[in-house]
Amino acid sequence: MNFVDKLGNFVKKYLSLLVLIGAAISYINPNIFIGVVPYFNYILGFIMFGMGMTLTKEDFVLILKKPKDVILGLLIQMVTMSVGAFIVVKILGLQGDVAVGLILLGACPGGTTSNVMSFIAKADVALSVTYTSIFTFIAPVVTPALIYLFAGTYVQVDGLGMFISISQVVLIPIILGVIANTLFAKAAAKCVRVLPSVSGLAMVVLVAGIVAANASKLNASVLIVALAVIIHNVWGYLCGYFGGKAVGFKERKRRTLSIETGMKNATLATVLAAAHFAPEAAIAPAIAGIWHAFSVSVLANYWGNKEITDEDDEEISQEAK
């Protein structure tokens with residue numbers, strides 16, 4: 001298993017670079033990855049199943065132990081990213097399904113690698129896992145509702161259809177993963193060691209497939225969409241960090257909330273865009289799949305090399321007792 005561990009560490013360390021390389025190759029020659037497009041749902045479902053296998057009851061008990069931290073953090077994520085997407089759409093003049101793509105992105109849960117990035121950033125990993133898992137579990141209801149609220153003026157939103165789609169590719173695989181982890185704990189523990197590398201590589205393939213499917217649209221005319229994605233992403237990092245500060249979070253929790261808020265599940269957004277809207281709706285999530293992986297790795301590495309203050313060291317000591 002040493003090779004597996006080394007491969008997992010390599011993928012974790014260089015994930016953003018691997019994503020950029022895969023995206024560049026796919027843009028130059030879409031035919032290499034275009035074949036994975038019909039399997040988006042299955043690949044995403046596999047990643048979600050793997051996520052479910054890593055979850056334990058402790059990941060959900062936190063909402064009972066610290067409901068204020070969890071509820072406030074989730075509200076900050078949902079409100080700031082949905083409102084932020086709507087504002088960016090208005091300011092930059094995005095129209096129709098292109099606008100819906102950014103709003104859809106803002107309504108999705110945090111990215112599947114946010115927990116790893118929180119670890120690298122010396123953030124609160126347990127809280128990160130709780131945010132990701134809880135938001136993902138309620139996504140079948142919350143995501144369609146947010147899209148209807150903020151994008152209903154642009155296109156017709158099939159709330160029930162989106163509920164079914166998210167349940168199929170996210171909720172059910174996670175539940176099956178949790179069941180597998182509960183019933184076959186020893187086997188699951190061995191599989192979990194492989195999951196970081198497999199899930200990371202699956203994400204690279206997914207992003208490459210997203211680029212391949214939208215290669216003809218990714219030209220100079222979508223620079224404005226790329227700008228919108230970047231602004232929206234940075235807005236999320238800032239709102240998460242300073243929103244956490246405003247509600248009394250210490251440094252580690254601010255970092256966690258910043259990452260969870262700014263980094264969205266672009267793969268899920270792409271799958272939903274392809275299933276329920278015109279192809280143009282997938283442009284913003286496709287760009288986000290590349291940009292988010294890059295920006296969050298930069299942010300996590302920056303924080304990972306920055307010391308926690310004495311005040312926050314005191315918080316860590318208290319939580320350890």
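In which helix is the place of Ile259? Ile259 sits in helix H12, and the legends below come back to that helix several times. Please keep in mind that this is a predicted model.

**Figure 1. The whole protein chain is built from helices, with no strands.**
As a starting point, the secondary structure comes to 15 helices and 0 strands. The protein chain has 321 residues, of which 55% count as buried. About 14200 Å² of the chain is exposed, and carbon and sulfur atoms supply 69% of that area. If you like contact maps, take those contacts between residues at least 6 apart in sequence: 85% of them join residues at least 24 apart.

**Figure 2. Two of the spans annotated as "transmembrane region" are shown here.**
The annotation comes from an unreviewed UniProt entry, and covers residues 14-33, 39-58, 70-92, 98-117, 129-151, 163-185, 197-216 and 222-244. In the model, residues 70-92 are 100% helix and 0% strand, with 33 Å between the end C-alpha atoms. Residues 197-216 are 85% helix and 0% strand, and here the end C-alpha atoms lie 30 Å apart.

**Figure 3. Leu102, Leu104 and Ile147 belong to the largest nonpolar core.**
This core holds 68 residues, and these three touch the most other members. Helix H8, residues 125-151, gives the most to this core, contributing 11 residues. Apart from it lies another core, of 10 residues, including Met117, Tyr241, Ile259 and Ala300. Zooming in on Leu102, and setting aside neighbours within four places in sequence, you will find contacts with Ala85, Val88, Val89, Ala228, Val229, His232 and Ala284.

**Figure 4. Ile259 is a buried residue of helix H12.**
Is Ile259 buried or exposed? Ile259 is buried, because its relative accessible area is 0%, below the 20% cut-off for burial. Beyond residues up to four places away in sequence, Ile259 touches Ser114, Met117, Ser118, Ala121, Tyr237, Val296, Leu299 and Trp303. Another distance to check is the one from Ile259 to Gly236: the two are 23 residues apart in sequence, and 8.0 Å apart in space, C-alpha to C-alpha.

**Figure 5. Asp69 and Lys253 form a salt bridge between distant parts of the chain.**
How many salt bridges does the model contain? The count comes to 3. In this one, the side chains of Asp69 and Lys253 meet at 2.7 Å, N to O. Asp69 belongs to helix H5 (residues 67-92) and Lys253 to helix H12 (residues 251-262), with their positions 184 residues apart in sequence. Both partners, Asp69 and Lys253, are buried.

**Figure 6. Glu251, Arg254 and Arg255 are linked in a network of salt bridges.**
Arg254 pairs with Glu251, the closest N and O atoms being 3.5 Å apart. Why are Arg254 and Glu251 separated by about one helical turn? They are 3 residues apart in helix H12, so about one turn separates them. The side chains of Arg255 and Glu251 also meet in a salt bridge, at 2.8 Å, N to O. Arg255 and Glu251 are 4 residues apart in helix H12, again about one turn of the helix. As for burial, Arg254 is buried. Arg255 counts as buried because its relative accessibility is 0%, and Glu251 is buried with a relative accessible area of 7%.

**Figure 7. Asn233 is a buried residue of helix H11.**
Helix H11 runs over residues 223-246 and includes Asn233. The relative accessible area of Asn233 is 0%, so this residue is buried. Which residues does Asn233 touch, not counting those up to four places away in sequence? They are Gly262, Met263, Trp291, His292 and Ser295.

**Figure 8. Cys108 and Cys239 are two buried cysteines in a model with 0 disulfides.**
A disulfide is a covalent bond between the sulfur atoms of two cysteines. The count of disulfides in this model comes to 0. Cys108 counts as buried because its relative accessibility is 0%. Cys239, with a relative accessible area of 15%, is buried too.

Methods: Residues are numbered from 1 along each chain as its sequence is written. This is a predicted model: local features need pLDDT of at least 70, side-chain atom pairs count only at pLDDT 80 or more; totals for chains, interfaces and linings use all residues. Side-chain values use heavy atoms; hydrogens and water are left out. UniProt positions are given in the numbering used here, feature names are shortened, and annotations may be inferred rather than shown by experiment. Helices (H or I, at least four residues) and strands (E, at least two) are DSSP runs, numbered from the N terminus. A nonpolar core is a set of buried Ala, Val, Leu, Ile, Met, Phe, Trp, Tyr and Cys residues joined through side-chain atoms within 4.5 Å. Buried means under 20% relative accessible area, exposed over 50%, partly exposed in between (1.4 Å probe, protein chains only). Contact means heavy atoms within 4.5 Å. A salt bridge is a side-chain nitrogen of Lys or Arg within 4 Å of a carboxyl oxygen of Asp or Glu. A disulfide is a pair of cysteine sulfur atoms within 2.5 Å. Accessible areas come from the Shrake-Rupley method with a 1.4 Å probe; for residues, only the protein chains shown count as cover.
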